[in-house]
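Open your viewer, get comfortable, and let's take a walk through this protein together. At each stop you will select something, look at it, and then move on.

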Amino acid sequence: MITLPATDVPVHFAIAIPKNVLLQMPGAPHAAKPETGRLASGRGLSIDDCRASCLGEAAELFSCCSWGDEPLITATVGEIGSAAIAPENLNGFSPDQIVARNGWNKENAAFDWRPPISDKLTALDWLSVEDAFGGHEAFIPADFAFIGRKEAGEKGAVAVGDSSGCAAGPSADAAKLAAILELVERDATGRWWYGRRQRKAIDPACLSGIDALVEWLLDRERRTWLYDITSDIDIPVIAAASAEPDGKDVSLGFAAGKNLQSAASAALTEMLQMEMSLGASRALDDKAGSWLRWRQNVSMKTPPLNITPIQHVAPNLHNPAAERDLSEVLNALAHRGIDLWFADMTRAEIGIPVFRAVSTMLCHYKPRFGRVRLLASDARDLSFDIGSPADQPLLLV
């Protein structure tokens with residue numbers, strides 16, 4: 001693990017570089033090797049939290065990649081029956097997005113490749129998943145479940161596995177909770193961004209327990225905003241944004257938390273992590289690819305970033321609600337009728353509990369417009385654009 005050079009920022013950052021002993025394990029996944037561009041990173045207000053975050057993400061990455069020995073079954077959708085969750089139901093693309101897939105993939109495959117509709121008569125490899133609410137087991141396509149099993153454009157691929165909904169933890173319940181919170185975060189992020197939902201702003205000065213970070217943010221020339229983007233699921237989700245005084249060079253961070261305070265803290269540290277990438281993109285200028293497009297197209301005038309009036313600032317958070325545990329988070333999902341399954345991705349070679357949470361209803365931060373929830377109304381919205389989300393800038397994180 002490499003701790004990045006110290007700066008005046010009161011947050012620690014690190015990246016994990018796998019050692020040869022790990023890479024040389026029998027079946028060690030190529031998809032987790034640095035040359036693929038996949039790296040585990042961590043951040044934290046203390047060096048210990050940063051290292052724990054980084055090592056947890058490294059365990060998550062290696063555990064969720066395909067090792068080639070996974071307990072899969074090969075069958076058609078018809079042979080599995082109602083227990084099969086079709087890849088289209090997990091990928092979340094709308095019919096219009098699939099029709100336009102060829103043109104999209106020519107320009108954006110590296111960001112979010114769109115597969116064709118799968119042939120129901122073709123046998124696929126499937127992974128068993130447990131119903132989070134105690135129902136019958138189901139089966140998800142292995143291409144969706146495992147990172148690196150299939151890459152963008154690969155023949156026969158029905159999905160490209162990513163890290164969305166994957167998490168490591170000190171226990172199975174902790175990993176499951178972290179996996180759910182990531183899905184909830186990305187659902188709220190997609191709804192906020194593509195629905196252009198104007199939300200209440202939170203004054204960073206009202207946050208407690210992170211005084212040094214807040215003081216540093218408020219003292220620098222670059223400005224910072226916080227938005228409460230919590231969805232109808234009622235699990236706290238915060239979006240953090242920073243920009244130069246002219247509103248340009250926007251950096252974003254998102255987090256769901258056990259309470260609003262922890263979500264705000266995590267969103268701010270992710271925002272600062274993105275600022276590091278943004279700084280590198282400035283140096284690359286016209287060679288920065290999608291970062292250049294982001295810098296050119298997005299400012300603090302871009303909905304839903306456009307600043308809310310001061311009367312909409314949320315009340316202070318000095319007395320945050322009690323932290324939610326796994327059962328309470330599951331109850332919140334069940335109350336909204338959200339389906340959820342868990343895949344146990346734990347590898348004996350790594351020895352750290354890792355789970356993937358999947359849902360056919362929750363949205364994605366990537367532009368996937370097939371979810372009914374994406375543009376559903378929400379009483380928390382101060383304003384809401386019911387138009388097409390297709391022209392919203394693409395890159396978020």
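## Stop 1: a helix across a sheet

Begin by selecting helix 8 together with strands 9, 10 and 11: the helix lies across these three strands, and it runs at about 130 degrees to strand 11. Keep in mind as you look that this is a predicted model.

Now add strand 8 (201-202) to your selection. Which order do the four strands of this open sheet follow? Read across the sheet and you find 8-9-10-11, with antiparallel pairing. Strand 8 and strand 11 stand at the edges and have a single partner strand each, so one side of each is left without a neighbour in the sheet. As a bit of background, strands of a sheet pair through backbone hydrogen bonds, either parallel or antiparallel.

## Stop 2: strand 11, residue by residue

Hide everything except strands 10 and 11. These two pair in the antiparallel sense over six bridges. To see the pairing up close, select A239, which stands opposite F254 in strand 11. Then select A241, whose bridge partner in strand 11 is L252.

Next, show the side chains of strand 11. In a regular strand the side chains alternate between the two faces of the sheet. Here S251, G253 and A255 point one way, while L252, F254 and A256 point the other way. Is strand 11 enclosed or open to the outside? Bring back the rest of the chain to check: six of the six residues of strand 11 are buried, so the strand is largely enclosed by the rest of the structure.

## Stop 3: the largest nonpolar core

Let's go inside. Select I180, Y227, L252, L305 and L340, the residues that touch the most other members of the largest nonpolar core, which has 47 residues. Several elements give two or more residues to this core, including helix 8 (172-194), strand 9 (223-228), strand 10 (237-243) and helix 10 (260-284). Which element gives the largest share? That is helix 8, with eleven residues.

Zoom in on I180. Setting aside residues up to four places away in sequence, I180 touches L326, V329, L330, L333, L340, F342 and A357. There is also a second, separate core of 25 residues, and you can find it by selecting A31, L90, F144 and W341, which are among its members.

## Stop 4: two residues to compare

Select T224, which is found in strand 9. Its relative accessible area is 14%, below the 20% limit, so T224 counts as buried. Leaving out neighbours within four places in sequence, T224 is in contact with P204, L217, A241, S242, L268 and M271. You met A241 at the second stop, as the bridge partner of L252.

Now jump to D125, in strand 5 (residues 124-131). Is D125 buried or partly exposed? Its relative accessibility is 25%, so D125 counts as partly exposed. Beyond residues up to four places away in sequence, D125 touches L72, I73, T74, I140, P141, A142 and R149. Try the distance tool on D125 and I140: they are 15 residues apart in sequence and 8.5 Å apart in space, C-alpha to C-alpha.

## Stop 5: loops with something unusual to look at

Select D234, in the loop between strand 9 and strand 10. D234 has a positive phi of about 70 degrees although it is not a glycine, and at 41% relative accessibility it counts as partly exposed.

Then select D249, in the loop between strand 10 and strand 11. D249 also has a positive phi, of about 55 degrees, and is not a glycine either. D249 is buried, with a relative accessible area of 10%.

For the last loop, select P303 and P304, which are joined by a cis peptide bond with omega of about 5 degrees. P304 lies in the loop between helix 11 and helix 12.

## Last stop: the whole chain

Zoom out and colour by secondary structure. The protein chain has twelve helices and 13 strands. Its radius of gyration is 21 Å, close to the 21 Å that the globule rule gives for 397 residues, so the chain is as compact as a globular protein of that length. The C-alpha trace spans about 60 × 50 × 45 Å along its principal axes. Finally, colour by accessibility: buried residues make up 54% of the 397 residues.

Key:
Residues numbered from 1 in each chain as written. Predicted model: local features only at pLDDT ≥ 70, side-chain atom pairs only at ≥ 80, totals over all residues. Heavy atoms only, no water. Core = buried A, V, L, I, M, F, W, Y, C linked by side-chain atoms within 4.5 Å. Buried < 20%, exposed > 50% of the residue type's maximum accessible area, 1.4 Å probe, protein only. Contact = heavy atoms within 4.5 Å. Pairing = 2+ DSSP bridges. Axes fitted to C-alpha atoms, helices over the stretch in contact; angles between N-to-C directions. Rg over C-alpha atoms; globule rule 2.2 N^0.38 Å.
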